[in-house]
Amino acid sequence: MIWRDTIFLIPVTEGRNSYGEVVEVDGDPREVFANKKSVRQSEFYQAVAAGLKPEIVFEVRDQEYQDEKKARYGETDYHIIRTFSRNGEIIELVCSRYPMEA
């Protein structure tokens, strides 16, 4: 398989800000090879019915994905809303823009 794109996978943990509120804290981004794909129409409508707004899908090697919660492509951060293992070697990351809007 030819990898046409690169993305950064970003782990997210919980921390506290100066007011003691629980906030998300980004870990160190890790660059991986990927393929950018469009969201399939059926997936889009199923996600919208569940209150999600999928915008883009990335394929990465299954071994590269370590349950990160965010991905960065270009200048845009995405929230990984769902993953799907296609064949045990490739995993699809279904993403929506970050931060997620209510």
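Q: What makes the contact of Asp 77 and Arg 72 a salt bridge in this predicted model?
A: The side chains of Asp 77 and Arg 72 approach to 2.6 Å, N to O. A salt bridge requires a side-chain nitrogen of Lys or Arg within 4 Å of a carboxyl oxygen of Asp or Glu. The pair is therefore called a salt bridge, because 2.6 Å is within 4 Å.

Q: Why is Arg 72 called partly exposed?
A: The relative accessible area of Arg 72 is 26%. Partly exposed lies between the limits of under 20% for buried and over 50% for exposed. Arg 72 therefore counts as partly exposed.

Q: Is Asp 77 buried or exposed, and what value decides the matter?
A: Asp 77 has a relative accessibility of 18%. Because buried means under 20%, Asp 77 counts as buried.

Q: How do you know that Asp 77 also forms a salt bridge with Lys 70?
A: The closest N and O atoms of Asp 77 and Lys 70 are 3.7 Å apart. This distance is within 4 Å, so the pair satisfies the criterion.

Q: What makes Lys 70 and Asp 26 a salt bridge?
A: Between Lys 70 and Asp 26, the closest N and O atoms lie 2.8 Å apart. That value is within the 4 Å cut-off, and the pair therefore qualifies.

Q: Why is this pair said to link distant parts of the chain?
A: Lys 70 belongs to strand E6 (residues 70–73), and Asp 26 to strand E3 (residues 22–26). The two residues are 44 residues apart.

Q: Which accessibility classes apply to Lys 70 and Asp 26, and why?
A: Lys 70 has a relative accessible area of 4% and is therefore buried, the limit being under 20%. Asp 26, at 36%, falls between the limits for buried and exposed, so Asp 26 is partly exposed.

Q: What joins Asp 26, Lys 70, Arg 72 and Asp 77 into one network?
A: The salt bridges that connect these four residues share partners. Lys 70 pairs with Asp 26 and with Asp 77, while Asp 77 also pairs with Arg 72.

Q: How many salt bridges are counted by this rule, and what is the secondary structure of the chain?
A: The count comes to 8 salt bridges. The chain has 1 helix and 8 strands, in the order β-β-β-β-α-β-β-β-β along the sequence. Of its 102 residues, 32% count as buried.

Methods
Residues are numbered from 1 along each chain as its sequence is written. This is a predicted model: local features need pLDDT of at least 70, side-chain atom pairs count only at pLDDT 80 or more; totals for chains, interfaces and linings use all residues. Side-chain values use heavy atoms; hydrogens and water are left out. Helices (H or I, at least four residues) and strands (E, at least two) are DSSP runs, numbered from the N terminus. Buried means under 20% relative accessible area, exposed over 50%, partly exposed in between (1.4 Å probe, protein chains only).
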